[in-house]
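Please open the model in a viewer and keep the selection panel at hand. The tour proceeds by selections, each followed by a description of what is found there.

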Amino acid sequence: MTQTKSYAKSQILLHWLMAVVVFGLFGVGFWMVDLTYYSEWYRIAPHWHQSVGFMLALAWVARIVLLRIHGKPSPLESHKPAEIRAAHFTHALLYLLMLCLFISGYLISTADGRAIAIFNWFELPGLGELFAEQADIAGTVHQYAAYGLIALVVIHAAGALKHHLIDKDDTLNRILGRTKPQPSNYDQEQ
Ligand code: HEM
Ligand code: HEM
């Protein structure tokens with residue numbers, strides 16, 4: 001993979017947009033499963049959850065394409081080899097858990113043969129029940145994948161803060177699109 005000095009603006013934008021959407025979907029998902037038939041949100045909340053989830057899946061594909069095109073910034077001098085390995089593993093697992101949520105979410109929503117209406121804009125065709133107890137099994141996978149993703153994001157964010165506050169390096173600045181100004185020749189002469 002190409003090694004660069006910083007993330008491209010499009011990668012930074014997608015990272016933070018997707019982070020906000022993931023937290024939003026988690027909150028809505030957690031809340032909507034306890035709604036009763038008599039709630040006005042009973043149908044609307046899953047509709048929004050599925051539609052926004054589908055958009056997130058498109059953003060996920062775009063992000064993989066951008067990663068192929070722009071590559072990733074090379075590790076900083078302050079990054080220890082074990083930290084580099086742990087970060088690679090975490091990033092791959094974050095992508096994998098999101099993929100798992102898209103697939104399991106699709107399998108729950110289409111188990112009864114219905115299509116998924118994306119924002120009343122178009123319909124994503126359903127493939128029906130592909131295996132026995134599909135809705136239940138996919139529901140359990142979806143639930144654990146969602147909890148696992150949020151737990152991993154917390155660790156991921158803690159790692160970013162450790163780099164920023166303890167190591168005082170540019171790891172977090174790189175994904176915020178602001179790298180510290182380099183010391184000028186004048187500063188170095190002082
Ligand atoms: C749902 C939330 C999040 C997800 C799914 C996520 C996912 C990722 C992924 C996959 C990468 C690897 C770069 C790439 O492939 O684009 C990355 C990089 C990064 N993320 Fe997140 N992230 C989330 C939230 C956060 C938060 C809350 C913070 C910090 C407070 C953060 C800080 C960083 C930093 C500093 C990097 C760059 C790491 C490096 O250059 O080695 N992320 N994130
Ligand atoms: C990162 C993306 C997503 C996150 C974080 C997420 C999160 C959640 C959470 C936390 C729940 C509640 C689980 C429970 O406590 O039982 C849930 C339920 C659900 N999600 Fe998602 N979800 C995502 C994407 C999707 C997508 C793409 C779809 C469909 C295309 C979808 C369809 C559903 C459905 C149908 C339920 C209800 C399951 C049930 O009734 O047991 N989700 N989601």
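Against which helices and strands do the buried residues of H2 pack? The model to be inspected is a predicted one. Select helix H2 (44-70), and within it highlight Pro46, His49, Gln50, Gly53 and Phe54, which are buried. These buried residues pack against H1, H3, strand E3 (116-118) and strand E4 (122-124).

Remain on H2 and check its length. At 1.5 Å a residue, its 27 residues should span 39 Å, and the end C-alpha atoms are 38 Å apart, which agrees. Just after H2, select glycine 71, whose phi is positive, at about 75 degrees.

Select next helix H1 (residues 9-32). The same check applies: at 1.5 Å a residue, 24 residues should span 34 Å, and the end C-alpha atoms are 34 Å apart, in agreement. Gln11, Val22 and Leu25 are the buried residues of H1. Their cover includes helix H2 (44-70) and helix H4 (134-165).

Val22 and Leu25 lead to the next selection, the largest nonpolar core. Its eight residues are Val22, Leu25, Leu97, Met98, Leu101, Ala145, Ala146 and Leu149. H1, H3 and H4 each supply at least two residues of this core. A second, separate core has five residues, among them Leu107, Ile108, Ala111 and Ala138.

Centre the view on alanine 146. Leaving aside residues up to four places away in sequence, alanine 146 touches Phe26, Gly29 and Leu101.

Ala146 also serves as a route to ligand 2. Of the 26 residues around ligand 2, those that come nearest are Gly29, Gly53, Gly105, Gly139 and Ala146. H1, H2, helix H3 (81-109) and H4 each provide at least two residues of the shell. Colouring the shell around ligand 2 by class gives 17 nonpolar, nine polar and no charged residues.

Move finally to ligand 1. Which residues come nearest to ligand 1? Of the 20 residues around ligand 1, they are Ala19, Val22, Ala157, Ala160 and Ile175. Val22 is also one of the buried residues of H1. At least two residues of the shell around ligand 1 come from each of H1, H2, H3, H4 and helix H5 (171-176). H1 gives the most to this shell, with five residues. By class, the shell around ligand 1 divides into 13 nonpolar, five polar and two charged residues.

Methods: Residues are numbered from 1 along each chain as its sequence is written. Chains are lettered from A and ligands numbered from 1 in the order in which they are written. This is a predicted model: local features need pLDDT of at least 70, side-chain atom pairs count only at pLDDT 80 or more; totals for chains, interfaces and linings use all residues. Helices (H or I, at least four residues) and strands (E, at least two) are DSSP runs, numbered from the N terminus. The expected span of a helix is 1.5 Å times one less than its number of residues. A residue is buried if 20 or more other C-beta atoms lie within 10 Å of its own, exposed if 12 or fewer, and partly exposed in between; C-beta atoms are placed from the backbone. Two residues are in contact if their C-beta atoms, placed from the backbone, lie within 7 Å. A residue is near a molecule or strand if its C-beta atom, placed from the backbone, lies within 6 Å of it. Ala, Val, Leu, Ile, Met, Phe, Trp, Tyr, Cys and Pro count as nonpolar, Asp, Glu, Lys and Arg as charged, and the others, Gly among them, as polar. A nonpolar core is a set of buried Ala, Val, Leu, Ile, Met, Phe, Trp, Tyr and Cys residues joined through C-beta atoms within 7 Å.
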